[in-house]
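The exercises below concern charge pairs and nonpolar packing, and each is followed by a solution worked in steps.

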Amino acid sequence: LELEQADMQFRHLAEQIKSLKISLYEKQMEQQKEIIEFMKLQIRPHFYLNCLNLAYNMVELEKYAECKQMLRLTSDYFRYLLKSDMRKELIKDELSYVRNYLKIQSIRYRRTFHYYIEQDPRTADCYIPPLIIQTFVENAVKNTVALERPVDISITVMEEGGDNGPVIHIVIIDTGDGFSDEILSRLKRGESLERDNGTGGAGPGMIL
């Protein structure tokens with residue numbers, strides 16, 4: 001009787017272990033699926049085709065040094081996206097990724113495109129969600145390069161003292177038109193904005 005009870009307990013424990021394994025496997029698969037879907041959203045063929053076309057034109061014009069730089073920047077840009085675990089990233093690594101993106105844009109638009117990046121050394125070991133700075137920077141570029149004036153984009157990451165400890169400020173500034181006073185007021189009130197309003201560009205300053 002004791003052997004039968006031990007056998008039943010063992011079988012029950014084995015079933016529990018099997019169920020946990022299946023649950024863990026399904027959870028890991030779901031996480032991998034989310035990561036793949038996230039990467040699909042970030043990998044935009046149009047951007048990479050533009051980079052390759054620009055590199056091809058450089059070869060045609062025998063600008064081999066510039067072509068080499070363009071291909072290296074594109075490779076580094078893509079490599080960062082593939083290596084990220086989509087959970088957290090050091091700010092300095094995120095800024096390096098953003099810098100590659102802005103270098104590519106400066107090669108595309110040459111004299112009309114300028115950028116500036118500064119990071120407080122005290123924030124070197126701080127983590128943020130991946131691509132959060134990149135998303136705002138891409139929006140700033142998208143809504144300023146279409147304007148008939150030079151593009152200037154600056155990114156500063158600073159640490160300041162707060163009531164509950166240090167606070168990190170990420171400030172993105174561009175030369176776009178920015179938001180109207182009405183939209184800024186709605187944002188401060190926490191109201192959502194329609195996607196088709198056509199608003200964009202960080203303008204005088206955007207603080208994360």
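**Exercise 1.** Starting from the salt bridge in which the side chains of arginine 122 and aspartate 120 meet, with 2.7 Å from N to O in this predicted model, determine whether each partner is buried or exposed.

*Solution.* Arginine 122 has a relative accessible area of 52%, and because exposed means over 50%, arginine 122 counts as exposed. Aspartate 120, in turn, has a relative accessible area of 7%, and since buried means under 20%, aspartate 120 is buried.

**Exercise 2.** The structure holds two salt bridges; analyse the one that aspartate 76 forms with arginine 72.

*Solution.* The closest N and O atoms of this pair are 3.5 Å apart. Aspartate 76 and arginine 72 lie four residues apart in helix α3, and are therefore separated by about one helical turn. As to accessibility, aspartate 76 is partly exposed at 24%, and arginine 72 is likewise partly exposed at 43%.

**Exercise 3.** Describe how helix α5 (residues 132-142) places its buried residues, and relate Ile133 to the largest nonpolar core.

*Solution.* The buried residues of α5 are Ile133, Gln134, Val137, Glu138, Ala140 and Val141. Viewed down the helix axis, they fall within an arc of 160°, so they line one face of α5. The largest nonpolar core has 35 residues, and Ile133 is among those with the most contacts inside it, together with Met70, Leu102, Val137 and Ile155. Helix α4 gives the most to this core, with eight residues. Beyond residues up to four places away in sequence, isoleucine 133 touches Glu94, Leu95, Val98, Ile128, Ile155, Ile170 and Ile172.

Key: Residues are numbered from 1 along each chain as its sequence is written. This is a predicted model: local features need pLDDT of at least 70, side-chain atom pairs count only at pLDDT 80 or more; totals for chains, interfaces and linings use all residues. Side-chain values use heavy atoms; hydrogens and water are left out. Buried means under 20% relative accessible area, exposed over 50%, partly exposed in between (1.4 Å probe, protein chains only). Helices (H or I, at least four residues) and strands (E, at least two) are DSSP runs, numbered from the N terminus. The arc is that of the directions from the helix axis to the C-beta atoms. A nonpolar core is a set of buried Ala, Val, Leu, Ile, Met, Phe, Trp, Tyr and Cys residues joined through side-chain atoms within 4.5 Å. Contact means heavy atoms within 4.5 Å. A salt bridge is a side-chain nitrogen of Lys or Arg within 4 Å of a carboxyl oxygen of Asp or Glu.
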